[in-house]
Each structure stands twice: as structure tokens, then as C-alpha cells.
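Colleague: I would like to go through the terms used for this model and hear what each one rests on. Please set the values against the cut-offs as we go.

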Amino acid sequence: MKISQSSRRGRVYVRSARNRGRRGAAIIGVLFVLLIISMLLIGVGTLAVGHQNLCITDAQYAEAIDIAEAGVNYEIRSLSIGNNAHIAGSLGTGSLGTSPYAGSFSIICTQTDGTAIADPANPPNLIFIKSTGTVDSVSRVVRIRAKKGAGNYDYGVFSKKTGVINGNQTIVGSVGTAGTVTINGANGITDKVIGLHGGAATATINPAGSYSTQVRPTLTWPTVSAVADGMFPGGGLTWLAANNDNALATAFVNNGILNGSIYNNKAVSNSIVNKAISGNGTGTITLVGKAGGANYYLNGLTLNGTWAINFVNTAGPINIWCATSGSPTSFTINGGQASVTMTSDPTKAVRVYAADHANLTLNGSGTGRYGVYAINNSNDGGNVTLNGANNLYGSVIANGYTFNGTNSINYTAGYFSAGPSNWSFDGVWDEINPR
């Protein structure tokens, strides 16, 4: 049987159509496979990019805390070379590192209760340093507690304006001045070099050649008011006038007058009346310390006869703030023995401060264990006079002083120091709001 030419062409057409269908299905399959592979590649790429971004973010997160801690170190060094503490409105800033891990830090210092530092040039001995480290958009914040060490200059005796050392005084320690100092007679000052701070400081030494002098950098001592503002940011001395520990003071009157009342072998509580103590005859005033510090605020202190002051500081430190209403006032202290010495426990020190228009007179022949600080802005205050044969284990830092009699001042470290102080980490480290 013969097949026609047209039939053969039809069969060829059907086979061609089938082949084209198979080729189309194959192309669709290939395209589908390519789509799946593309989607997998996109997924892998997205995963790789996401993982890379996460790695960068994690690395930036780790770098941010390193930069924050670098900021802390920056501030500790800045404080240690004498710069002001950085506070709100005057942040400490810096930058370091290379891209993509380049970052910056910002620093703010506060008191340990979180309040602002009133005098950034003279911050408290314990502060918080908070440092924020930022890398790109990643930030971490650390906070540490820092403590102030001793200053470069530790003086047993220092005068801001004038100092006069007469007679047979014994000063175990150093003498310095930012004004003038006059040394008369055969005095026993163990440090034979008198420190002259500032170009205008001078020393007059009789007999000549007994001591040498050395010109040293200018020192800036904070005033008593500034010290009080730093310790009590709620209002400094004004706040202390209404918030003090005067009620803790007691007295025993052997035979005499206390605050206008006559007593004989009598224990008297609340021995500070109207922020003042006045005693004649024989007796003892006792001021006690407490945890965190007891602060006594006085407008007057006059002890005549054989009255003495006793410091019972076993429970904590004692600060006596001598302030006036504006007119020059002399505060007289006899004795001043402390139950706990500065050398045995520096956290329980006894300090006496003389604010504007206040002057101090130390009489008698007892032993005192306290530091005297009388730097203030008044022309008629800040003067310390030693009469008799006092044995003071501490230091005298004042606008001016005059030593008469045969006193002995034995410098004891830790009361007051000036010049750049070494700051250091004090054992408290926190990260604020970690992830």
C-alpha cells in the first residue's frame, strides 16, 4: 500500500510538534530549576549579608564598651593632671579607632548620689564617672566610681597670704606659702626647703641661711564655702546652718559656767546653744562622730580657763564648721584629742573649717589631733593663731597664721592636700542598660 505524500507530511508535522513540546517543557524545567537555584542563591546571599552585618554590629557592640572604658581612662588622667571634672554642659569628648569600628566617647562626672558637682575644679574625693562609647549607631554606657588620692604637695603649714613663725616652734613637715612667710628665731622645721608658690611668693628667714626656698607652681586651694558646696550640694553652709549635728554635743562642767549657766560636777546635754559654745572655769566639751560624718555648725566658740574639747570619733568622722554672720569672729579651741587617730583610721578624721570672717585661736598645752583649714575670701578672716604649747598632730592651711610660744605641729597625711591629685578606680563598675 502506498502512502501519499500529504500523509507523510502530516506525520512529520505531528512529530515536529511533539518535539517542540518536549523542548518547551525542558526549557520550562530548566527555568524552574534556575529559579530555585536563584532563590537559594538570594537566600544564601541574604543570609551571608545578614550574618556579616550581625558580625559587624556585634564587633561594634564589643568595640563600643572598649571605647567607653577608654573614655573613663581619659577622664581619670584628665583629673590627675589637674583639669576640671567634666559635668553637664561641659562634657568630655574624644574619638578613636578606624572604620568600620571608629567611635567616640562622651564623659560626665557626678557626685556618688547622682547629683551635679557644684565646683568642677574641686570635685569631692569620691565621684562617679559615666562614659558613653558609640560606634556607628551602637552605644554602650559604663559608670565607675573614682577616688581622689593625695596631692603633689602635702604641707604641714601653708599660708595663702601671710605666715609668721616666731620663737621655738617645731614643725615636723613642710612649710609653704602663696604670699609671704616670715621665720624668726631658732625654729625646728624638718623640711629645710620652704615652698614658694607663684611668682609673688616670698620668704623672710632670720637668721638668714637657716632655710632655703624653692619656687613652685601656683596652687589653688578651694575656699571653705566651696568645700561645703561640694559636700552639701543642697546649699552648702546655708544648708548646714539648719541641718547639722549640734544636738549630739555634750559637756561635763567640773566647776564653771557653760553658755551662761553655773554648774558644779554636772553633765550637760545639748551643750551647743544658739549655734555657739561659751565656757569659763573647768570642763570638757565632747563632740561625737557618726557614720557618714557628724557636722557641727558654730557661730561662736570661746573656751576660757581650763576648758577642753574632746573628739569621740569612734563611730565616724567629725567636721566643725566655724561661720559668722558677717563680722570678724574669733573661735577659741583648747585641746582637741581624738579617740581614733588619723594614722590608725583615716576615714574618721577630725577637721576644723573657718569660713569667711572666721578666725581660729588655739590655746593651752594639750594634744590636738585634727586638721585646720581656714582658706576663705574675706580680708578679715582665715587667720590662725597658736599660743602656748600646743601639740597638734595634723596640719594648718590658712589665709594667714601666727605661731607664738613653743608649739609643735606634726604633719599627718590625709587631712588636706593641694596640686594635681592622682585619681584611681575605686572598685565600683556598672554597665548602664546592657542589652
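Modeller: Start with the open sheet of this predicted model. Five strands make it up, in the order 9-6-28-26-23, and their pairing is parallel.

Colleague: What makes strand 9 and strand 23 the edge strands?

Modeller: Strand 9 (188-189) and strand 23 (367-368) each pair on one side only.

Colleague: How do you know that strand 6 and strand 28 pair?

Modeller: Pairing needs at least two bridges between the strands. Strand 6 (residues 170-172) and strand 28 (residues 408-411) run parallel and are joined by three bridges, so they count as paired. Within strand 28, Ser408 stands opposite Thr170.

Colleague: Which strands pair with strand 15, and in which sense?

Modeller: Strand 13 (residues 250-258) pairs with strand 15 (residues 276-288) over eight bridges, in the antiparallel sense. Gly256 has Gly281 of strand 15 as its bridge partner. With strand 17 (residues 300-303) the sense is parallel, over four bridges, and there Ile277 faces Leu301. Strand 18 (residues 308-312) also pairs with strand 15 in the parallel sense, over five bridges; Thr284 stands opposite Ala308 there. The cut-off is at least two bridges, so each of these counts as a pairing.

Colleague: Turning to the rings, why is the pair of Phe232 and Trp321 called edge-to-face?

Modeller: The structure holds 13 aromatic pairs. In the pair of Phe232 and Trp321 the centres are 6.1 Å apart and the planes stand at 75°. Centres within 6.5 Å make a pair and planes over 60 degrees apart make it edge-to-face, so both conditions are met.

Colleague: What does that pair tie together?

Modeller: Phe232 belongs to the loop between helix 2 (224-231) and helix 3 (236-242), and Trp321 to strand 19 (residues 318-322), so the pair links parts 89 residues apart in sequence. Both Phe232 and Trp321 are buried.

Colleague: And why is the pair of Tyr415 and Phe416 called tilted?

Modeller: Their ring centres lie 6.3 Å apart, with the planes at 40°. That angle is neither under 30 degrees, which would be stacked, nor over 60, so the pair is tilted.

Colleague: How do you know that Tyr415 and Phe416 are buried?

Modeller: Buried means under 20% relative accessible area. Tyr415 has 7%, so it counts as buried. Phe416 has 9%, so the term applies there too. Tyr415 and Phe416 also belong to one aromatic cluster, whose members include Trp221, Phe232, Trp239 and Trp321.

Colleague: What makes you say that a charge sits over the ring of Tyr61?

Modeller: The charged end of Arg140 is 3.7 Å from the centre of that ring and sits over it. The distance limit is 6 Å, so the value passes. Arg143 lies over the face of Phe128, with 4.2 Å to the ring centre.

Colleague: Which residues of helix 2 are buried, and what covers them?

Modeller: Val224, Ala226, Val227, Ala228 and Gly230 are buried in helix 2. Their cover includes strand 2 (103-111), helix 3, strand 19, strand 21 (350-354) and strand 24 (371-374).

Colleague: Why is Thr402 called partly exposed?

Modeller: Thr402, in strand 27 (residues 396-403), has 27% relative accessibility. Buried would require under 20% and exposed over 50%, so Thr402 falls in between. Leaving aside residues up to four places away in sequence, Thr402 touches Val164, Asn166, Val384, Thr385 and Leu386. Thr402 and Leu41 are 90 Å apart, C-alpha to C-alpha, and 361 residues apart in sequence.

Colleague: How do you know that the chain is not a compact globule?

Modeller: For 435 residues a compact globule would have a radius of gyration near 22 Å, whereas the chain has 38 Å. Along the principal axes, the C-alpha atoms fill a box of roughly 160 × 55 × 35 Å.

Colleague: What can be said of the chain as a whole?

Modeller: The chain has three helices and 29 strands. Of its 435 residues, 41% count as buried. Among contacts between residues at least 6 apart in sequence, 58% join residues at least 24 apart. The accessible surface comes to about 20,500 Å², and 55% of it belongs to carbon and sulfur atoms.

Technical notes
Residues numbered from 1 in each chain as written. Predicted model: local features only at pLDDT ≥ 70, side-chain atom pairs only at ≥ 80, totals over all residues. Heavy atoms only, no water. Phe/Tyr/Trp six-rings, centres within 6.5 Å; stacked < 30°, edge-to-face > 60°. Buried < 20%, exposed > 50% of the residue type's maximum accessible area, 1.4 Å probe, protein only. Lys NZ or Arg CZ within 6 Å of the ring centre and 35° of its normal. Contact = heavy atoms within 4.5 Å. Rg over C-alpha atoms; globule rule 2.2 N^0.38 Å. Areas by Shrake-Rupley, 256 points an atom, 1.4 Å probe, with all protein chains shown as cover.
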